[in-house]
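Q: I have a structure open and do not know how to read it. Could you take me through a few of its features, with the general idea given before each case?

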Amino acid sequence: MHDRWIAERMRHIEVSGIRKAFDLAASLKDPVNLSIGQPDFPVPAPIKQAAKAAIDADKNGYTVTQGIPELRAKLLAELRRRYPAHSDRDVLITSGTSGGLVLALLCTLNPGDEVVIFDPYFVMYPHFITMAGGVPVTIDTYPEFRIDISKVRAALTSRTKAIIVNSPGNPTGIVCRADTLRALAHLAKERKILLLSDEVYRAFCYDAPFASPAQDNDEVVVFDGFSKAYGMTGWRLGYCHGPRRLIEEMTKLQQFTYVCAPSIVQYAGAVALECDISAIVADYKHKRELIVSALKDHYELAAPGGAFYLFPKAPWGTGTDFVSEAIRNNLLIIPGGTFSKRDTHFRISYAASDSTLERGVEILRRLSKRPA
Ligand SMILES: Cc1ncc(COP(=O)(O)O)c(C=O)c1O
């Protein structure tokens, strides 16, 4: 085939470091896999049952683009409760949280518009932005991974269209302080910048109640989903809520792209909202404690308050050097350069069984000293 058939934009997209680890895992014998950001618990039984029942009831066709009324009504009731003053807030059911982010950026960015993201960032953000014709502008948050509002102010230009914030965050597990989110919400309002808040790890906050910048700015667009909270990563269900006019534009675009989120999964999602996942969250909090207490004296580590990630500094070499050595020792982790302009750290996902975590800790403690 002809090389010119492949679009220019694809030259800037490399296979994700995470997918490479995923492929490698398939070739290693019994690896200790702490690389994938995917819950290790099964989908709760009532949710599985609801999906099977939806198939058997022949609910397999297209749904309305905005999502089935049963799921929308539950989500809207919850939004009215959380944001009683946001009369203009509407919701769209999307194909995963990522589906919502793609639609929002395609509906808002003009060529050359800048979008501020915080480094380290979720691996997909720069691609979503460039795909939509925008320019990612990164703000470095090392070593504590805290947002410095004065740096954000300094990064804003006449081309800044949006800021993406992600708390609890991937890859660091850091939860933004409520006062930082409030300051960001106010700054965005004052400068008429669209604030996009990716809240897909909202359920996993271990030390303080979850806080959203939408509490302080009624125009914040929020992206949420079922992947992480209910272990439904492969089912592709998310939702987005924000100003009605933007949600309308996104709905229009969804109609001509994804069409709708998977029908049977939407019925399962309505049941998921009734499920109590507090035991799962408590178990993940325990895993966080297990791994942080085992590694904190061996690695430079900003204490993670949520999600299921740790982002320690490589104790020697670059992030890539260190991860290559870990893989030679049968441990799969991700080099920090996958999520950052720096290649100094690495990501651990602790969404794994306790026995896997203990095996991982043993290897990581051994590797904290540079091998001779
Ligand atoms: C920060 C963040 N946002 C969005 C997503 C995508 O989630 P979904 O599976 O709902 O598309 C992920 C998945 O890893 C993530 O870590």
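The dialogue below goes through sheets, strands, helix packing and burial.

Q: What kind of model is this, and how are residues numbered?
A: This is a predicted model, in which local features need pLDDT of at least 70 and side-chain atom pairs count only at pLDDT 80 or more, while totals for chains, interfaces and linings use all residues. Residues are numbered from 1 along each chain as its sequence is written, and side-chain values use heavy atoms, with hydrogens and water left out.

Q: How do I read a sheet, and what is the order of the sheet of seven strands?
A: Strands of a sheet pair through backbone hydrogen bonds, either parallel or antiparallel. Helices (H or I, at least four residues) and strands (E, at least two) are DSSP runs, numbered from the N terminus, and two strands pair if DSSP finds at least two bridges between them. Here an open sheet of seven strands has the order β2-β8-β7-β6-β5-β3-β4, and its pairing is mixed. Its edge strands are β2 and β4 (135–140), each of which pairs on one side only. On average, neighbouring strands of this sheet are turned by 20° against each other, direction ignored; angles run from 0 to 180 degrees between N-to-C directions, and axes are lines fitted to C-alpha atoms, for helices over the stretch in contact.

Q: Which strands does β7 pair with?
A: Strand β7 (residues 221–225) runs parallel to strand β6 (residues 194–198), joined by three bridges. One of the bridge pairs is S197 with V222 in β7. With β8, β7 runs antiparallel over four bridges, and F223 stands opposite C240 in β8.

Q: Are the residues of β7 buried or exposed?
A: In a regular strand the side chains alternate between the two faces of the sheet. Buried means under 20% relative accessible area, exposed over 50%, and partly exposed in between (1.4 Å probe, protein chains only). In β7, five of its five residues are buried. V221, F223 and G225 lie on one side and V222 and D224 on the other, and both faces are covered.

Q: Which helices lie against this sheet?
A: Helix α7 (residues 178–191) packs on the sheet and touches β3 (114–119), β5 (160–166) and β6, where contact means heavy atoms within 4.5 Å. The direction of α7 makes about 150° with that of β6. Helix α8 lies across β2, β6, β7 and β8 (238–243), running at about 20° to β2.

Q: What is the order of the sheet of three strands?
A: The three strands form an open sheet in the order β9-β12-β11, with antiparallel pairing. The edge strands are β9 and β11. Two bridges join strand β9 (residues 309–310) to β12, with L310 partnered by I348. Strand β11 (residues 334–335) also pairs with β12 over two bridges; P335 stands opposite F346, and I334 has R347 as its bridge partner. Strand β12 (residues 346–349) is covered on both faces, F346 and I348 being buried on one side and R347 and S349 on the other.

Q: At what angle do helices α4 and α8 pack?
A: Angles under 35 degrees count as roughly parallel, over 145 as roughly antiparallel, 65 to 115 as roughly perpendicular and the rest as oblique. Helix α4 (residues 96–108) and helix α8 (residues 244–255) pack at about 110°, with their axes 9 Å apart, and are therefore roughly perpendicular to each other. G100, L103, A104, L106, C107 and T108 of α4 meet L246, E249, M250, L253 and Q254 of α8. This contact has seven nonpolar, three polar and one charged residue. Ala, Val, Leu, Ile, Met, Phe, Trp, Tyr, Cys and Pro count as nonpolar, Asp, Glu, Lys and Arg as charged, and the others, Gly among them, as polar.

Q: How far apart are the axes of α2 and α9?
A: The axes of helix α2 (residues 45–56) and helix α9 (residues 263–272) are 8 Å apart, at an angle of about 145°. Among the residues in contact are P46 and I47 of α2 and Y267 and V271 of α9. By class, this contact has eleven nonpolar, no polar and no charged residues.

Q: Which elements cover the buried residues of α9?
A: The cover includes α2, α3 (69–82) and β2 (89–94). Seven of the ten residues of α9 are buried. One of them is A270, with a relative accessible area of 7%. Not counting residues up to four places away in sequence, A270 touches E70, L71 and K74.
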